[in-house]
Amino acid sequence: MNKKSDYKNELKIFLNEIKKFNKEKNKPLKIKKNSKIKNLALKNLKKILKKENYFIINLKTKIDKEIRELTDITANALGSKISQNKKGEKTITVTPNVKLIKNYGSRINNEIRYHQSNLGGSLHTDGPQLNQTPNILIMTCLNNSSKGGDSVLINGKDIYNYIKKDNPKILKNLFKKFYFERRGFTLNSNYIFKSQIFKFKKRKLEFRYLREYIDNAYKQKNTTPSKIEKKALDYLDKCLRLKSLQKKYKLSKGEMVVINNKIMAHGRTTFSVNKGNQRKIIRIWLK
Ligand SMILES: [Fe+2]
């Protein structure tokens with residue numbers, strides 16, 4: 001990944017703007033519609049996001065409080081934050097649960113979930129359990145692991161094109177509706193719902209995927225996807241593991257990745273549990 005250098009100037013301008021803004025007002029958690037940032041650097045930033053579907057920006061500070069503030073300002077400039085769970089939390093710090101990892105080892109089960117574990121793989125889009133998936137996903141690194149923990153990104157459009165060429169019959173099936181569970185949100189009768197994995201919205205391709213939520217939804221419905229649907233899901237997983245389509249980058253403290261979550265899937269490589277400070281990533285969803 002080299003999006004940092006490709007758009008160095010635009011990102012630098014934006015960063016200077018938000019830092020200035022930070023200085024001018026004491027607690028700049030909300031940016032007014034017509035502020036300088038909206039008019040100037042923000043325009044460039046949105047253009048980059050539209051064209052490239054992600055960018056990485058170095059916040060140039062190693063102080064946690066400042067990293068959190070700058071992440072927050074960027075988030076508020078790019079959209080409005082949405083809840084990530086039933087508690088209504090809009091900013092989450094993703095960090096491994098060392099105690100659970102020690103108890104359950106390297107596997108995901110009902111006791112330990114992906115974001116609590118140190119496992120890699122399982123590329124997905126965030127918030128697939130929502131009717132409207134988040135438009136933008138922001139992840140900022142407060143601390144990374146000494147080994148592993150690289151961010152992995154893959155463009156859904158690249159996967160679509162790959163499948164279209166390699167196995168067009170399968171592609172049709174990924175436009176069908178699959179069961180998804182609303183994990184982390186509600187436990188009422190609406191807990192399982194149906195949605196497409198790929199779809200065109202206003203002629204724009206969108207991607208929604210998290211295999212574990214689909215598998216669990218079918219289990220709870222006491223059913224299974226049809227043979228051809230299962231084949232399509234397995235094939236999609238295989239494509240998500242294609243190194244040739246993946247972009248990899250290890251975030252350092254103070255680096256933020258902003259992702260178009262409507263089309264980009266993400267994941268990470270397996271990482272080591274540190275002796276002291278654990279890997280810690282701030283996560284925000286925007287609509
Ligand atoms: Fe995620």
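**Close-ups of a five-stranded sheet**

**View 1. The open sheet.** In this predicted model, five strands line up in the order β1-β11-β4-β13-β2 to make an open sheet, with antiparallel pairing. At its edges stand β1 (54-58) and β2 (91-94); each has a single partner strand, so one side of each has no neighbour in the sheet. On average, neighbouring strands here are turned by 20 degrees against each other, direction ignored. Strands are DSSP runs of E with at least two residues, helices are runs of H or I with at least four, and both are numbered from the N terminus. Two strands pair when DSSP finds at least two bridges between them.

Residues are numbered from 1 along each chain as its sequence is written. Local features need pLDDT of at least 70 and side-chain atom pairs count only at pLDDT 80 or more, while totals for chains, interfaces and linings use all residues.

**View 2. Strands β4 and β13.** Here β4 (residues 136-143) and β13 (residues 280-286) pair in the antiparallel sense over seven bridges. Look for Ile136, which sits opposite Leu286 in β13.

**View 3. Helices on the sheet.** Helix α4 (residues 41-52) packs on the sheet, touching β1 and β11 (255-260), and its direction makes about 135 degrees with that of β1. Helix α5 (residues 64-78) lies across β4, β11 and β13, running at about 175 degrees to β4. Angles run from 0 to 180 degrees between N-to-C directions, with axes as lines fitted to C-alpha atoms, for helices over the stretch in contact; contact means C-beta atoms, placed from the backbone, within 7 Å.

Notes
Two residues are in contact if their C-beta atoms, placed from the backbone, lie within 7 Å.
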